[in-house]
Amino acid sequence: MIPDTATQPGSPRTTVVRVITRLNVGGPSIQATSLTTALAVHGFSTRLLHGRLGDGEGDMSYLLAPGANAAFIPSLCRPLSPLNDLRALVGLYREFSAARPAIIHTHMAKAGLLGRLAAAAYNLTRGDAPRAKVVHTYHGHVLDGYFSPVMTRVFITLEQLLAHVTDAIVAISPAIRSELLQTYRIGREAVYHVVPLGFDLAVFRDLDAAGRAEARRTLGIPAEVPVISTVGRLTAIKQHRLFLDVVKLLAAWHPSLVAVIAGDGELRAELEAQAAALGVTANVRFLGWRRDLATIYAATDVFVLTSRNEGTPVALIEAMASGVPGVSTDVGGVKDVVASPQVGRLAPFGDAAALAGHVDQLLVDRAARLAMGARARAHVLGRYGIDRLVADIAALYCALLQPPISPGTEGS
């Protein structure tokens, strides 16, 4: 008989299969690719399964380290597609059966649905062999602002059911944990773990005045003009229309303002048309997808996030690590990043005047802007580093793989 995957925490043979819907631009992709290799030092061998990008989405598969154990599942995709979803479900089940993992860890909504269904089916075939522990990470959720009320109710019900086959639910912020438990009643409190995202922030940490000057030269932006920026997919949930409304207000006070939008997506043509209708085409630069985000942040005076919903806002963290203060809508997990007015400013969603007012104050008061940027940098570097993330996930895995304590053996 072929021996099963070892389930002793830290064993070199402890296999983890991680499933992510797709490696598009964003925090989930950064985390999934980082953990694929970083957990090896803790004795975990990871295989990453990822699906197909949507039209217009930026690709982050380049973050996979050379030789990383990863596989592309072409039928795994974000849109609802019964045939593709069935094919992906079968493909995931076959991958699990071949790898015989100790842990199956899913990321993002579609991978969480199909991956956990496939994991449940796989565990049912195990007989007396140890079952795989199932972990799902909520990097945010699609339960507000994405779908119609009817579809949202369907997804909430599915998530409630899937929680019964999930050994650990990871929320990337206390705010998301609270929403999932209290608002949507998904899962039991005992299975929740708050594990903030973690990134390699060294490239942002080391930005200085010389780097900022070079960034302005690279982007062709004069040194003396005020610059705001935003980074993200040009999709409805990110609410770039609100960003452009903020630009309109700021341009009246700062005519030379440059507003940089890094990212692309299905709404680009609409947003370009809106910029023209608002009369701010000369102020706005649509840069498309960029890999040199450190250059974008270095050239920026104030970073602006106008999302309707966020899990943990990666671009905001990167900007703050670059020493750039952020102004954001107060949604989702943003308040866990902008933990006080000393490190950034928040405004209600949809309130362009409040957002513009915060930005204007920072543009006018250079000393206050630089001081806030320094505090923001210290705050996120201490909280969102990659080493902390890897240690947290390894500790969670080890705890899941510990054998249960039999009644009456405590303290023996």
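## Paired strands

In this predicted model, threonine 14 has phenylalanine 44, in strand β2, as its bridge partner. The pairing that these two residues belong to joins strand β1 (residues 14-22) with β2, and the two strands run in the parallel sense over 8 bridges. Strand β2 itself covers residues 44-51, and because 6 of its 8 residues are buried, the strand is largely enclosed by the rest of the structure.

## Salt bridges between separate parts of the chain

The model contains 17 salt bridges, and a few of them are described here. One of these joins arginine 116 to glutamate 159, whose closest N and O atoms are 2.9 Å apart. Arginine 116 belongs to helix α3 (residues 109-124) and glutamate 159 to helix α4 (residues 149-162), so that this contact, which spans 43 residues of sequence, links distant parts of the chain. As for their surroundings, arginine 116 and glutamate 159 are both buried.

Another salt bridge is formed by arginine 131 and aspartate 167, with 3.2 Å between the closest N and O atoms. Here the two residues sit in loops: arginine 131 in the one between α3 and β5 (133-138), and aspartate 167 in the one between α4 and β6 (168-171), with 36 residues separating them in the chain. Arginine 131 has a relative accessibility of 36% and therefore counts as partly exposed, and aspartate 167, with a relative accessible area of 23%, is likewise partly exposed.

## A salt bridge within one helix, and a network

Aspartate 392 and arginine 388 also meet through their side chains in a salt bridge, at 2.9 Å from N to O. Both belong to helix α15 (residues 386-401), and because they are 4 residues apart there, about one helical turn separates them. Aspartate 392 is partly exposed, its relative accessible area being 28%, while arginine 388 is counted as partly exposed at a relative accessibility of 23%. Elsewhere, salt bridges that have partners in common join Arg22, Glu57 and Arg233 into one network.

## Aromatic rings

The structure holds 4 aromatic pairs. One of them brings together phenylalanine 96 and tyrosine 122, whose ring centres are 6.5 Å apart and whose planes meet at 65°, so the arrangement is edge-to-face. Since phenylalanine 96 lies in helix α2 (residues 82-99) and tyrosine 122 in helix α3, the pair ties together parts that stand 26 residues apart in sequence. Both phenylalanine 96 and tyrosine 122 are buried.

A further edge-to-face pair is made by phenylalanine 204 and tyrosine 297, with 5.6 Å from centre to centre and 70° between the planes. Phenylalanine 204 is part of helix α6 (residues 202-205) and tyrosine 297 is part of helix α10 (residues 293-298), so this pair links distant parts of the chain, 93 residues apart. Phenylalanine 204 and tyrosine 297 are both buried, and ring pairs link these two residues with Phe303 into a cluster. A ring also takes part in a contact of another kind, in which arginine 291 lies over the face of tyrosine 62, at 3.8 Å from the ring centre.

## A nonpolar surface patch

Val150, Val154, Leu158 and Leu161 make up a nonpolar patch on the surface, with an area of about 340 Å². Among these residues, leucine 158 is found in helix α4, and with a relative accessible area of 30% leucine 158 is partly exposed. Helix α4 is also the helix that holds glutamate 159, which, as described above, is buried.

## Positive phi angles in two loops

Methionine 108 has a positive phi of about 80°, although this residue is not a glycine. Its place is in the loop between β4 (103-107) and α3, and because its relative accessibility is 15%, methionine 108 counts as buried.

Glutamine 239, also a residue other than glycine, has a positive phi as well, with a value near 55°. Glutamine 239 is located in the loop between β8 (227-231) and α8 (240-253), where, with a relative accessible area of 24%, the residue is partly exposed.

Key
Residues numbered from 1 in each chain as written. Heavy atoms only, no water. Salt bridge = Lys/Arg side-chain N within 4 Å of Asp/Glu carboxyl O. Buried < 20%, exposed > 50% of the residue type's maximum accessible area, 1.4 Å probe, protein only. Phe/Tyr/Trp six-rings, centres within 6.5 Å; stacked < 30°, edge-to-face > 60°. Lys NZ or Arg CZ within 6 Å of the ring centre and 35° of its normal. Patch = residues over 30% accessible without salt bridge, like charges linked within 9 Å, V, L, I, M, F, W, Y side chains within 5 Å. Areas by Shrake-Rupley, 256 points an atom, 1.4 Å probe, with all protein chains shown as cover. Pairing = 2+ DSSP bridges.
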